[in-house]
Amino acid sequence: MSDTPFGFGLPPEEPEDGDEGKKKDQQSGGGQGPANPFGFGTPGAGGFGGPGADNPFAAMFGSLNPTDLGAAFQQLGQMLSYEGGPVNWDMAKQIARQTVSQGTSDGVKDASVGPAERTAVQEAVRLADLWLDDATSLPSGSGSAVAWSRAEWVEATLPAWQELVDPVAERVGAAMGDVLPEEMQAMAGPLIGMMRSMGGAMFGTQIGQAVGVLAGEVVGSTDIGLPLTPAGKAALLPVNIEAFGKDLGVPKEEVRLYLALREAAHQRLFSHVPWLRSHLFGAVDGYARGIKVDTAKLEDVVGQFDPQNPEQLQDALQQGMFQPEDTPEQKAALARLETALALVEGWVDAVVHAAAKPRLATADALRETLRRRRATGGPAEQTFATLIGLELRPRRLRDASRLWASLTDARGVDGRDALWAHPDMLPTAGDLDDPDGFVHREQLDFSELDKMLGEAAQRPDLHKKDGQEDQAKGDDTE
C-alpha cells in the first residue's frame with residue numbers, strides 16, 4: 001500500500017539545471033515536503049512562518065503550479081462535500097482503479113484481455129464443469145465464463161465490498177459523535193459533519209487501495225470464499241494466473257484448468273444452495289456487530305483533530321481502531337464465521353481434488369499451493385483485517401476438507417452434497433473437532449414425514465371432514 005496519504009502526493013519535478021536548480025528550489029521554499037497529502041506548505045518550511053509569509057496563498061501552497069493546485073483543491077472538495085454513507089465509494093473506486101493502473105510490486109501491469117485469452121478461459125471452465133460432474137451431485141452453476149482484467153474485477157466486486165464494509169464503517173461514524181461530551185455535540189455539529197465526511201473519504205481511500213492491491217492477487221471471483229459477484233458467472237483473471245503459475249514449474253494450461261475447477265466448483269455451490277450467500281454475509285455481519293471501536297484512540301484523534309492535517313484520521317484507520325469484544329456471544333459469532341468459511345472452502349477443496357487427481361499429474365502440488373495461499377493471505381487481506389477487524393481466512397480448511405472427504409466415503413457424493421439442503425444440517429465447529437463422530441452419526445430422515453404431509457395435502461376428503469368437524473363445534477357453542 002502506498003505510504004502517500006490519500007494517493008494525492010505530487011512527485012517533485014526535476015529542475016532543468018541539475019544540482020544547482022535543486023539548491024535554488026530548496027532555498028526558495030519550493031518542492032513538496034514528506035507526508036504532505038495536498039502539497040500544502042507547512043510552518044517553518046516555506047509555509048506559514050517561512051519565506052513568502054507575507055503572501056498567505058504562497059505560504060500555504062508553496063510552488064504548486066495552477067494545474068496541481070486545482071487537482072489538490074478538487075480532491076479536498078470531494079472529501080469535504082461528501083454526504084453519503086459511511087464510506088465514500090466513489091473515491092474507493094477511483095483509488096482502486098489508480099492502484100490497479102500502477103501495477104503490482106513485481107512490475108506486472110494490468111492489461112486488457114484479448115480474444116485468445118477469453119477463449120482459453122471459456123474452454124477451461126467448460127472442461128472443468130465436465131470433470132466436476134463426476135465429483136458432485138450439484139449441477140453446473142457457470143451460466144457463463146468470462147476473462148477479466150484487474151480493473152474489470154474491481155468494477156464487478158465493489159458492490160459486495162460495500163455490503164461487507166459499510167456496517168463496520170457506520171460504527172466509526174457514529175462513534176465520532178459519541179466521543180464528544182453531550183453539551184459539546186450541538187456546538188460541534190459542523191466539526192462532526194466535517195469529520196464524518198473526511199472519515200468516509202479515509203475509509204474510501206483505504207478500502208480502495210486494499211481492493212486495488214487485492215485485484216493484483218486474485219485469480220478469480222471467489223478467491224476469498226465469499227461470493228463477490230452474482231451467481232452463475234465464472235470469472236478468471238489471465239494476467240494474475242500467469243503471475244501465479246510463473247515459478248511453479250507447472251504447464252500454464254494445467255494451472256489455468258485447476259483454477260477453473262475451483263471457480264466452477266464455487267459457482268455450483270453458490271448457484272444451487274440459495275441460502276448460502278445470505279448465510280455467509282450474515283455470519284460476517286454477526287461478527288461485525290460484536291466489534292467495538294477503540295474509543296480511547298478515537299477520543300485522542302478527535303481531541304487533536306486539525307482540519308489542516310486530515311491524515312490524522314487515516315493514520316488512526318491504518319493502525320486499526322477495532323477490538324472484538326471478549327464475550328461468549330462474540331466468540332460464538334467468530335466460530336460460526338470461521339466454520340462457514342471453512343465448510344465452503346473445504347468442500348471446494350475436496351471436490352476439486354476428486355475431479356483433478358485422476359486427470360492431472362500436478363493436482364497434489366497445485367492443491368497444496370492453493371491451501372497455503374489461502375492460509376497465509378496477502379497484504380490486501382491484512383489491510384482489511386486492520387480496517388474492519390476481520391480476517392476472511394478459512395483457518396480450519398484442512399479439517400473441513402477431511403470431513404467432506406470422509407462423508408464422501410461413508411455416504412457417497414449424493415449423501416455428502418445433500419447436507420447443503422439446509423444450514424442446520426451442516427457440520428458445526430465441534431464436528432470439525434470430531435469428524436468421525438459426525439460422519440457416522442445417524443442421519444435424520446425426513447422422507448417419511450414429507451410423505452405423510454404430501455399424502456395429507458392430496459386428500460380433499462380429509463380437508464372436507466376437518467371443515468365439517470369445525471362447523472359442528474361452532475354449532476355446539478351456539
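**Stop 1: the outer face of helix 15**

Select Arg372 and Ala375. Both are exposed, and both sit on the face of helix 15 turned away from its buried side. Keep in mind throughout that this is a predicted model.

Now show the whole of helix 15, residues 363–376. Its 14 residues should span 20 Å at 1.5 Å a residue, and its end C-alpha atoms are indeed 20 Å apart.

Next, color the buried residues of helix 15: Ala363, Leu366, Arg367, Leu370, Arg371 and Arg374. Look down the axis of helix 15. The buried residues fall within an arc of 135°, so they line one face of the helix. Note that Arg367, Arg371 and Arg374 are among the buried residues of this helix.

Step past the end of the helix. Gly377 follows helix 15, and its phi is positive, near 70°.

**Stop 2: Leu366**

Go back into helix 15 and select Leu366. Is Leu366 buried or exposed? Its relative accessibility is 2%, so Leu366 counts as buried.

Which residues does Leu366 touch, leaving out those up to four places away in sequence? Show Leu248, Val250, Glu254, Val255 and Tyr258. Then draw a distance to His353. The C-alpha atoms of Leu366 and His353 are 9.7 Å apart, with their positions 13 residues apart in sequence.

**Stop 3: Pro251**

Move to the loop between helix 9 and helix 10, and select Pro251. Pro251 has a relative accessible area of 40% and is therefore partly exposed. Add Thr362. Pro251 and Thr362 are 111 residues apart along the chain, yet their C-alpha atoms are separated by 9.1 Å.

**Stop 4: helix 5**

Select residues 115–132, which form helix 5. This is where confidence is highest in the chain, with a mean pLDDT of 97. The helix has 18 residues and reaches 26 Å from first C-alpha to last, close to the 26 Å expected.

Color Ala120, Val121, Ala124, Val125, Ala128, Asp129, Trp131 and Leu132, which are buried. Why do they share a side of helix 5? They cover an arc of only 170° around the axis, which puts them on the same side.

What covers these buried residues? Display strand 1 (144–147), strand 2 (233–236), helix 9 (238–244), helix 10 (252–272) and helix 14, which are included in the cover. Then turn the helix over. The face away from the buried side carries the exposed residues Pro115, Ala116, Arg126 and Leu130.

Just before helix 5, in the loop that follows helix 4 (89–102), find Gly114. Its relative accessibility is 23%, so Gly114 counts as partly exposed. Gly114 lies 9.7 Å from Pro238, C-alpha to C-alpha, across 124 residues of sequence.

**Stop 5: the nonpolar core**

Select Trp153, Trp161, Leu276, Trp347, Trp404 and Trp420. These have the most contacts inside the largest nonpolar core, which has 91 residues. Helix 14 (residues 328–356) gives the largest share of this core, 14 residues.

Zoom in on Trp153 and show its contacts, not counting residues up to four places away in sequence. Trp153 touches Trp148, Trp161, Val211, Leu214 and Ala215, as well as Val218, Gly220, Ser221, Leu228 and Leu237.

**Stop 6: Pro167**

Follow helix 6 (residues 150–178) to Pro167. With a relative accessible area of 32%, Pro167 is partly exposed. Beyond residues up to four places away in sequence, Pro167 touches Gln162 and Asp285. Val87 is 80 residues away along the chain, and its C-alpha is separated from that of Pro167 by 9.8 Å.

**Stop 7: the whole chain**

Zoom out. The chain has 21 helices and 4 strands. Of its 478 residues, 46% count as buried. Residues 24 or more positions apart make up 77% of the contacts with a separation of 6 or more. The chain exposes about 23900 Å², and carbon and sulfur atoms supply 52% of that area.

Finish by coloring on confidence. The chain averages a pLDDT of 75, and 58% of the residues score at least 70. Select residues 1–64: pLDDT stays under 50 here, although the model has 81 contacts beyond four places in sequence for this stretch. Confidence is lowest in helix 2 (residues 56–61), at a mean of 40. Where pLDDT is low, the predicted coordinates should not be read in detail.

Key:
Residues numbered from 1 in each chain as written. Predicted model: local features only at pLDDT ≥ 70, side-chain atom pairs only at ≥ 80, totals over all residues. Heavy atoms only, no water. pLDDT = per-residue confidence, 0-100. Helix = DSSP H or I, 4+ residues; strand = E, 2+ residues; numbered from the N terminus. Contact = heavy atoms within 4.5 Å. Core = buried A, V, L, I, M, F, W, Y, C linked by side-chain atoms within 4.5 Å. Buried < 20%, exposed > 50% of the residue type's maximum accessible area, 1.4 Å probe, protein only. Areas by Shrake-Rupley, 256 points an atom, 1.4 Å probe, with all protein chains shown as cover. Expected span 1.5 Å × (residues − 1). Arc of directions from axis to C-beta.
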